[in-house]
Amino acid sequence: MEERLQKILAQAGYGSRRSCEQYIEAGRVRVNGQVAKLGQKADVTKDKITLDGKPVAANVEYVYVALHKPRNVLSTVTAEPGDNRKTVRDLVDLPERLYPVGRLDFDSEGLILMTNDGDLANKLTHPRFGHEKEYRVLLARRPDDKQLQAWARGVVLEDGHRTAPAQVRFESTSGKGAWIRVIMGEGRKRQIREIGFLLGLPVVRILRIRIGTLRLDNLKPRQWRYLSTQEVAELRKLTLRHG
């Protein structure tokens with residue numbers, strides 16, 4: 001059966017559909033020796049599909065890994081040329097072609113899901129699905145009720161974007177600062193830090209503890225584990241419910 005190339009590539013474990021679209025746009029994908037075009041369809045059982053000259057496998061055994069990303073590690077597969085910083089892929093010693101689902105800032109820490117299931121990755125990261133992510137956030141100052149309510153209602157960022165309503169609650173004091181809990185369905189780059197800055201609440205630390213139904217639990221920094229069959233099933237159920 002013919003399917004769009006980006007879907008075939010994603011199902012074969014080459015990343016999310018969006019990243020697979022970028023491979024096609026860059027001319028890295030060929031079908032029967034011809035450079036593929038975005039929107040093109042193919043039949044993986046009949047056509048010879050290659051990425052960077054290597055055959056695309058039709059059947060891939062999916063792997064799902066939960067990783068506790070420490071601070072000062074990139075949430076990408078590889079760093080830019082000349083950038084010697086470690087990436088999340090360096091921390092997971094497995095032979096499979098794994099990709100992080102979504103991003104976590106270089107100086108943030110916590111839960112990262114890594115998988116070669118491109119279809120699930122796409123459904124968990126696409127903005128229209130709005131899957132919840134939960135964070136513990138350490139602030140340099142103790143917030144008052146007015147600041148927390150403003151954060152929860154939504155804040156206009158410097159680029160004019162108004163953040164979606166979020167669940168925000170005080171958790172505990174920490175020296176002159178405080179820990180708060182933030183649950184949100186969107187995740188623009190450095191959004192939590194920018195909101196804190198705009199509200200006069202400098203952010204000291206961000207720890208992501210949940211993605212959808214998947215929890216960090218007792219994983220220590222740099223540790224990883226395979227997801228259980230039940231955890232994978234719950235994530236799939238979540239994407240079906242929001243799809």
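Trainee: How much area does the protein expose, and what share do carbon and sulfur atoms supply?
Mentor: About 13,100 Å² is exposed, and carbon and sulfur atoms supply 47% of it. Areas come from the Shrake-Rupley method with a 1.4 Å probe; for residues, only the protein chains shown count as cover.

Trainee: What kind of model is this?
Mentor: This is a predicted model: local features need pLDDT of at least 70, side-chain atom pairs count only at pLDDT 80 or more, and totals for chains, interfaces and linings use all residues. Residues are numbered from 1 along each chain as its sequence is written, and side-chain values use heavy atoms, with hydrogens and water left out.

Trainee: How many helices and strands are there?
Mentor: Seven helices and 15 strands. Both are DSSP runs numbered from the N terminus: helices are H or I with at least four residues, strands E with at least two.

Trainee: What share of the residues is buried?
Mentor: 48% of the 243 residues. Buried means under 20% relative accessible area, exposed over 50%, partly exposed in between (1.4 Å probe, protein chains only).

Trainee: Let's pick a residue. Where is glutamine 6?
Mentor: Glutamine 6 is in helix H1, residues 5-11. Its relative accessibility is 9%, so glutamine 6 counts as buried.

Trainee: Which residues does it touch, beyond its neighbours within four places in sequence?
Mentor: Glutamine 6 is in contact (heavy atoms within 4.5 Å) with Arg17, Cys20, Glu21, Ile24, Leu38 and Gly39. Glutamine 40 is 34 residues away in sequence, and its C-alpha is 8.7 Å from that of glutamine 6.

Trainee: Switching to sheets. What is the strand order in the open sheet of four strands?
Mentor: The order is S3-S2-S5-S6, with antiparallel pairing. Strands S3 (34-35) and S6 (54-55) are at the edges with a single partner strand each, so one side of each has no neighbour in the sheet. Two strands pair if DSSP finds at least two bridges between them.

Trainee: How many bridges join S2 and S3?
Mentor: Two, in the antiparallel sense; S2 covers residues 29-31. Valine 31 has glutamine 34 of S3 as its bridge partner.

Trainee: And helix H4, is it largely enclosed or left open?
Mentor: Largely enclosed by the rest of the structure, because six of the eight residues of H4 (118-125) are buried. Among them are Gly118, Asp119 and Leu120.

Trainee: What caps its N-terminal end?
Mentor: Aspartate 117 caps H4 there. A side-chain oxygen of aspartate 117 lies 3.1 Å from the backbone nitrogen of leucine 120.

Definitions and conventions
A polar contact is a pair of N or O atoms within 3.5 Å; within protein, one must be able to donate a hydrogen and the other to accept it, and residues adjacent in sequence count only if both atoms are side-chain atoms.
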